[in-house]
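Trainee: Could you take me through one part of this model up close? I'd like to look at the small sheet, and then hear whatever else you'd point out along the chain and around the ligand.

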Amino acid sequence: MKISSHLKHLIPYPPGKTIEEIKKEFNIPGKIYKLNSNENPLGPSPKVLEVLESYLLQIHLYPESSYQELKKALAEKWNVLPDQIVLGNGSNEVIELLFKTLINPRDEIIISKPSFLMYEKFAKIYNTKIKLVPLNHQLKHDLNKIVKVITKNTKIIFLDHPNNPTGSVLNEKEWEIFLNSLPSHILLVIDEAYGEFVEDASIPSGIEFLKAGYKVLILRTFSKAYGLAGLRLGYGITFLELSKVLDSVRQPFNINLLAYKAGLAALQDKEYINKTIKIVKEGRKYLTQNLTNLGLKVYPSQANFIMVEFGEKAEETFKKLTTQGILVRPLKAYGFPTALRISIGLPEENEFLVKTLKNLLQK
Ligand SMILES: Cc1ncc(COP(=O)(O)O)c(C=O)c1O
């Protein structure tokens, strides 16, 4: 047996540790404050739980494989056709479908450094040339440089918007210039995993670009604002020519029955989603102010996390927070070894974090 040489040095995606892992590793009996994976701090929607319970007795059956009901609900939400929606086992799967569908030998992708790690990971799996463009001095996607490295072999540009791990966004003018500089052989993927948390109303959403006729695919997920990270459900919205092929490439039952039904219920639970967005926006403001007051540099974020600069104390702070039951994300894998990414929690979680950090930094 011979393993393909381009796969030999792949390392597994570095996920945030789970509550069980941390309790075991550090022997922590009490509450764990999980601020390391940008999940929904409210827990699941009660309406979703009700629906899930009612479908538990059907898990011996395959789900309806075209997922029409969910596609219809999403199409109504975005005012597009149901066939323009491509569902995935998390938006991660839609990213992989793009590689499976579009990438040929010699094709290149362009991504920012840092951005969501899975673009690079899939590129490595599919043996695709990667062009990495560092974020600019404002820690935003460097659109001018991205345009400069485009070649005839560039197939896909991935932009997470807001960016993970910085939370930065692009304004209307920046988008306009960029979109009009893109050659027609390129697909632009705008990953809006954190789109619900953007507060600045002047920041455009990718759906406007799709409707204006640009060759874009917008990624959205149920893992963050909708609180379904554990069920794995995400989707892409794109032009029909592409969505139809992506849909024919996916596995027949890529969305499991519970994720399918939970997605439908989550979309209807407006109260939960509004509450989530309010908690995130208030918590983001609170943490930004209070951590800045502690003398820390907090980068402006429009996502459900903030990136905070700790200088040479980053690793030590991460370890000390962990032993006190507060999980945050070190950013070494993203190329920011002196910063930590902190997900916005419930008000009491945010307050506990500020109090703990205050004590740690005074020592
Ligand atoms: C920018 C970005 N895109 C996509 C994802 C993956 O989402 P999903 O859970 O839908 O696969 C994440 C998860 O952290 C993310 O940060």
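Mentor: Start with Val298: its bridge partner is Val308, over in strand 10. Keep in mind as we go that this is a predicted model. That Val298–Val308 bridge belongs to the pairing of strand 9 with strand 10, residues 305-309, which runs in the antiparallel sense over two bridges. Now widen the view a bit. Strands 9 and 10 are part of an open sheet of four strands, and going across it you read the order 9-10-13-12, with antiparallel pairing. Strand 9, covering 297-298, is one of the edge strands, and strand 12, covering 329-330, is the other; each of them pairs on one side only.

Next, some backbone details in the loops. Look at Pro114, which lies in the loop between strand 3 (108-113) and helix 5 (117-125). The peptide bond leading into Pro114 from Lys113 is cis, and its omega is near 0°. There's another cis peptide bond to look at, between His161 and Pro162, where omega is about 0°. Pro162 is in a loop as well, the one between strand 5 (154-160) and helix 7 (172-179). Then go to Asn38, where phi is near 55°, a positive value in a residue that isn't glycine. You'll find Asn38 in the loop between strand 1 (33-34) and helix 2 (46-55).

Now for the ligand, which sits in the largest pocket. There are 13 residues around the ligand, and the ones that come nearest are Ser91, Asp191, Tyr194, Thr221 and Ser223. By type, the shell splits into three nonpolar, six polar and four charged residues. If you want to zoom in on polar contacts, try Ser223: a polar atom of its side chain is 2.6 Å from a ligand oxygen. Arg232 also puts a polar side-chain atom 2.8 Å from an oxygen atom of the ligand. For Lys224, an N or O atom of the side chain is 3.0 Å from an oxygen atom of the ligand. As for how much of the ligand is covered, on its own it exposes 400 Å², and the protein buries 93% of that.

Definitions and conventions: Residues are numbered from 1 along each chain as its sequence is written. This is a predicted model: local features need pLDDT of at least 70, side-chain atom pairs count only at pLDDT 80 or more; totals for chains, interfaces and linings use all residues. Side-chain values use heavy atoms; hydrogens and water are left out. A residue is near a molecule or strand if one of its heavy atoms lies within 4 Å of it. A polar contact is a pair of N or O atoms within 3.5 Å; within protein, one must be able to donate a hydrogen and the other to accept it, and residues adjacent in sequence count only if both atoms are side-chain atoms. Accessible areas come from the Shrake-Rupley method with a 1.4 Å probe; for residues, only the protein chains shown count as cover. On a 1 Å grid over the protein atoms alone, a cavity is a set of points where a 1.4 Å probe fits but cannot get out, and a pocket is an open set with protein on both sides within 12 Å along at least five of seven lines; lining residues have an atom within 4 Å of a point. A molecule sits in a cavity or pocket if more than half of its atoms lie within 2 Å of its grid points. Ala, Val, Leu, Ile, Met, Phe, Trp, Tyr, Cys and Pro count as nonpolar, Asp, Glu, Lys and Arg as charged, and the others, Gly among them, as polar. Two strands pair if DSSP finds at least two bridges between them.
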